[in-house]
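Reader: Could you take me on a close look at one part of this model, the helices and the loops around them? I would be glad of a connected account that I can follow with the structure open.

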Amino acid sequence: MAAPKTQGAVAEMEEEGDRSRTGVWGVAYEDTVVIFLIWPRSLFSRQDRFLCMKPMKVRRYHINQKHSEDCILEPLSLPESPGGSTTSIGSPSVPCIFCEEHFPVAEQDKLLKHMIIEHKIVIADVKLVADFQRYILYWRKRFTEQPVTDFCSVIRINSTAPFEEQENYLLLCDVLPEDRILREELQKQRLKVILEQQQQERSDTNFHGVCMFCNEEFLGNRSVLLNHMAREHAFNIGLPDNIVNCSEFLCTLQKKLDNLQCLYCEKTFRDKNTLKDHMRKKQHRRINPKNKEYDRFYVINYLELGKSWEEVQLEDDQELLDHPEDDWSDWEEHPASAVCLFCEKQAETFEKLCVHMEDAHEFDLLKIKSELGLNFYQQVKLVNFIRRQIHRCRCYGCCVKFSSKADLRTHMEETKHTSLLPERKTWDQLEYYFPTYENDTLLCTLSDSESDLTAQERNEHVPVISEDTSKLHALKQSSILNQLLLRESLEN
C-alpha cells in the first residue's frame, strides 16, 4: 500500500494523552520478520511528516521458509498458525477494518495478524479493549468517513535504509482522545454487564454445587458452598460478593483437581491421595494469585480500564493511608519472609528459618534461647549483634575479619564458630536494641510469650510496683524523689 501522510502524529497528541508507553511490535510475512520498538512519545523524531524510528532500534531477522507464517507479537500475542478468512456458519464474526475478510470472535489473533500483514496497521494495547467486536466495527465506520491518517500515527521503520527498504506502519492507540473515549465507554458497558451478572448470582437461590474436597452437595445460594469450603477445608477464594460467574469458576478449579493439579503451585501429581496430602501439608489449599486465568472471575478486575486487581488494591491501600479509618475488620495479613542470619535463605515462618539455620549452619536459636533464658529484648540484642558482625564480615567466635561474607561463612561452618557465642556482656548492650537492617523481619517473629516474661523476672529479680495515683497531693509529699533531691542539694 502507498505510504500515507500523517496528520495525527503521536508527538502532537501527547498533550492530550496521560500515559507514555514503550512496547515491542513486530510483523511476519514471506521470509522476513520485521521487529520495531514503540518508544515513549518524547523519543520520536519527525522527518517528512512521518514518525521515524531510530535506526539502531530496528532489526530484520531472516527465517526459514517453513517458519515464514509463524508470528509472535507483543502485546498482541499472535498465534503461530496462519490466519484464515472463513468462519463457521452461525458463529459471530468480526470484519477487517479495511477489507471484507471476516474472522470468528474467538479467533481475534488471526484478524490482528491479517491486519498487520495485509494492511500494516497495529492496534496498541488490544488486550485492554473490553469489546473487541464493537471496537473494530466503530473504527471500520470511521475510516470510511475520514482518512485513516487523521486517526493513526505513521511509523517509518528503517528510515536510514534505501527508500525501497523503508516501510510504514499505522499505529492506532489510545493517545488519540477519540480512541481513549471509545475504550472507556466499552469498559463502562462491560462493567455494567458484569455488575448485573453479579447481582443476579447474589440473589440466585437455585444454585447447585458440590464441594471439591468432601463431595457434599449444596443447594440454594452460592455463598453456602463457598463458606463451607472456607470453614471446613480452609479453602478461601474470596468473599462471595466479590466473585462473578461463580459456576464457571468452580468448574475451572474442579477440572484442575480432576487433572491432579495443585491449585497453588500448579504441579501435577500421580494420584489423588498424593495431591490431597501435598495441598494439606504445604498449605496449598488456595489459588495461585499470579495466575491471570482467574482474573475474569473477580469484579475488581473490571473496575478501571487497564488496571489489574493488584494496581487497584495498591491505590486503595494508599487511600487508607491518606484517610485512616478505625475499621480493620477486612484486614488480611500477607506473610513476610525472614532472612537467615548467615546466608541469603528466606523463610515465611520463624520455625522454618530456625530449622534451616540448625541444618545448614548448626546454629540452634531456640536452644540458645532456652539455655540462656533469653527474654524477647535479649533475643533482639543477640540477633542484632550477629547481624552486625556478619555485615562487617567478622567472626564473633574468634574476632577474625574476612574479605567477604562467603569466606566468613565458610570459616564459621568449618570451625563450628556459628554456635560459639561470646560472653553475654559482649552482645547484651544497649546499642544492639537498634536493628542492623531496617527491614529485618526476623525481629518481628521472635517470641514474646508469657514464658519470656517469667524468665526475665526470674533472672533479673527486679520487681516493678506501680504507685497509687489516687491521692496525688499525698504522693508528692511522701515521694522518694523528695529525699533524693534533698540529698543532692546537701551534697552540693
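Author: Here is a walk along the chain, with the helices as the main thread.

This is a predicted model, in which local features need pLDDT of at least 70 and side-chain atom pairs count only at pLDDT 80 or more, while totals for chains, interfaces and linings use all residues. Residues are numbered from 1 along each chain as its sequence is written, and side-chain values use heavy atoms, with hydrogens and water left out.

For orientation, the secondary structure comes to 17 helices and 14 strands; helices (H or I, at least four residues) and strands (E, at least two) are DSSP runs, numbered from the N terminus. The protein has 492 residues, and 39% of them count as buried. Buried means under 20% relative accessible area, exposed over 50%, and partly exposed in between, with a 1.4 Å probe and protein chains only. Among contacts with a separation of 6 or more, 55% are between residues 24 or more positions apart, where contact means heavy atoms within 4.5 Å.

Let us come in by the loop between strand S5 (59-62) and strand S6 (93-95), where Pro92 lies. Pro92 is exposed, at 53% relative accessible area. Leaving aside neighbours within four places in sequence, Pro92 is in contact with Phe103, Pro104 and Val105. His102 is ten residues from Pro92 along the chain, and their C-alpha atoms are separated by 9.6 Å.

A little further on, Cys96 is buried, with a relative accessible area of 0%. The closest cysteine sulfur to that of Cys96 belongs to Cys99, and at 3.6 Å it is too far for a bond, because a disulfide is a pair of cysteine sulfur atoms within 2.5 Å. Cys262 is in no disulfide either, with the nearest cysteine sulfur, that of Cys265, 3.5 Å away. Cys262 is also buried, with a relative accessible area of 0%. The structure as a whole holds zero disulfides.

Now for helix H2, residues 108-119. The end C-alpha atoms of H2 are 16 Å apart, which agrees with the 16 Å that its twelve residues should span at 1.5 Å a residue; the expected span is 1.5 Å times one less than the number of residues. The buried residues of H2 are Lys110, Leu111, Leu112, Lys113, His114, Met115, Ile116 and His119. Lys120 follows H2 and has a positive phi, near 55°.

Next along the chain comes a loop between strand S8 (121-123) and helix H3 (132-145), and Asp125 has its place there. Asp125 is not a glycine, yet its phi is positive, at about 50°. With a relative accessible area of 14%, Asp125 is buried. Ile121 has a partner to look at too: Tyr169 is 48 residues from it in sequence, but 5.7 Å away in space, C-alpha to C-alpha. Tyr169 is found in strand S10 (residues 167-172) and is buried, with a relative accessible area of 2%.

That brings us to the packing of H3. Two packed helices are described by the angle between their axes and the distance between the axes. The axes of H3 and helix H4 (residues 177-203) come within 11 Å and cross at roughly 150°. Here axes are lines fitted to C-alpha atoms, for helices over the stretch in contact, and angles run from 0 to 180 degrees between N-to-C directions. On the H3 side, Arg134, Tyr135, Tyr138, Trp139 and Arg142 meet Glu178, Asp179, Leu182, Arg183, Leu186 and Gln189 in H4. The residues of this contact divide into five nonpolar, one polar and five charged; Ala, Val, Leu, Ile, Met, Phe, Trp, Tyr, Cys and Pro count as nonpolar, Asp, Glu, Lys and Arg as charged, and the others, Gly among them, as polar.

Staying on H4, we find Gln198 in this helix, buried at a relative accessible area of 10%. Not counting residues up to four places away in sequence, Gln198 touches Arg222, Asp241, Asn242, Ile243, Val244 and Val299. Asn245 lies in the loop between helix H5 (222-233) and helix H6 (246-258). Although Asn245 is not a glycine, it has a positive phi of about 55°. Asn245 is partly exposed, with a relative accessible area of 23%.
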